[in-house]
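Please examine the model below, following how its helices are arranged and how its interior is built. The account begins with one pair of helices and then turns to the core and the chain as a whole.

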Amino acid sequence: RALHQKFDQDGNGKVSLAEIMAFASEMGRSIAARDISAILEEIDLDKDGKLSLEEHLTDIENQAEGGDEEEKQEMRNRKRIEE
C-alpha cells in the first residue's frame, strides 16, 4: 500500500502513466513512456488506463507466483491485511 501511495501523487487511488513517469524521474530513472504504457496496459485489469491498488497487488502477487512458497504466503498475508 505504501508503495502504491508513493506513485499515486494526486491521492485519487489510481496511478496514471504521468504519475509513474514522475516517480521514475524522481528516482533518477529515465523510462520511455511507450515502455511504461505497455506494462500498464498489461496489468490494468479494468482497462481504465490507470493502476488501482488492487491491480497493483495482483501484479505483485503474480510476480511472486514464480517465487518460493514463503514469498507466496507473504503476498497472501499482505492482501488479507489490505482488505
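In this predicted model, helix 2 and helix 3 pack against each other at an angle of about 125°, and their axes lie 10 Å apart. Angles over 145 degrees would count as roughly antiparallel and those from 65 to 115 as roughly perpendicular; helix 2 and helix 3 are therefore oblique to each other. Their crossing is right-handed. On the side of helix 2, the residues that make the contact are L17, I20 and M21, and helix 3 contributes A33, I36, S37 and L40.

The same two helices lead into the interior of the protein. The largest nonpolar core comprises eight residues: F7, V15, I20, F23, I36, L40, I43 and L51. Helix 2, spanning residues 17-26, and helix 3, spanning residues 33-43, are the elements that supply two or more residues to this core. The greatest contribution, three residues, comes from helix 3.

One member of the core, L51, may be followed through its contacts. Leaving aside residues up to four places away in sequence, L51 touches H4, G13, K14, V15, L40, I43 and H56. Among these partners, V15, L40 and I43 also belong to the core.

The contact with H56 directs attention to helix 4, residues 53-64, where H56 is located. Is H56 buried or exposed? A residue counts as buried under 20% relative accessible area, and H56 has a relative accessibility of 10%, so H56 is classed as buried. Beyond residues up to four places away in sequence, H56 touches L3, H4, F7 and L51. H4 is thus a partner of H56 and also of L51, while F7 and L51 are members of the largest nonpolar core. H56 and V15 are separated by 41 residues in sequence, yet their C-alpha atoms are 9.2 Å apart in space.

These local features may now be placed in the chain as a whole. The protein chain contains five helices and two strands, and along the sequence these elements follow the pattern α-β-α-α-β-α-α. Of the contacts in the chain with a separation of 6 or more, 31% join residues 24 or more positions apart. Of its 83 residues, 27% are buried. The chain exposes about 5900 Å², of which carbon and sulfur atoms supply 49%.

Conventions: Residues are numbered from 1 along each chain as its sequence is written. This is a predicted model: local features need pLDDT of at least 70, side-chain atom pairs count only at pLDDT 80 or more; totals for chains, interfaces and linings use all residues. Side-chain values use heavy atoms; hydrogens and water are left out. A nonpolar core is a set of buried Ala, Val, Leu, Ile, Met, Phe, Trp, Tyr and Cys residues joined through side-chain atoms within 4.5 Å. Buried means under 20% relative accessible area, exposed over 50%, partly exposed in between (1.4 Å probe, protein chains only). Helices (H or I, at least four residues) and strands (E, at least two) are DSSP runs, numbered from the N terminus. Contact means heavy atoms within 4.5 Å. Accessible areas come from the Shrake-Rupley method with a 1.4 Å probe; for residues, only the protein chains shown count as cover. Axes are lines fitted to C-alpha atoms, for helices over the stretch in contact, and angles run from 0 to 180 degrees between N-to-C directions. Angles under 35 degrees count as roughly parallel, over 145 as roughly antiparallel, 65 to 115 as roughly perpendicular and the rest as oblique. A crossing is left-handed if the near helix is turned anticlockwise from the far one by less than a right angle, and right-handed if clockwise.
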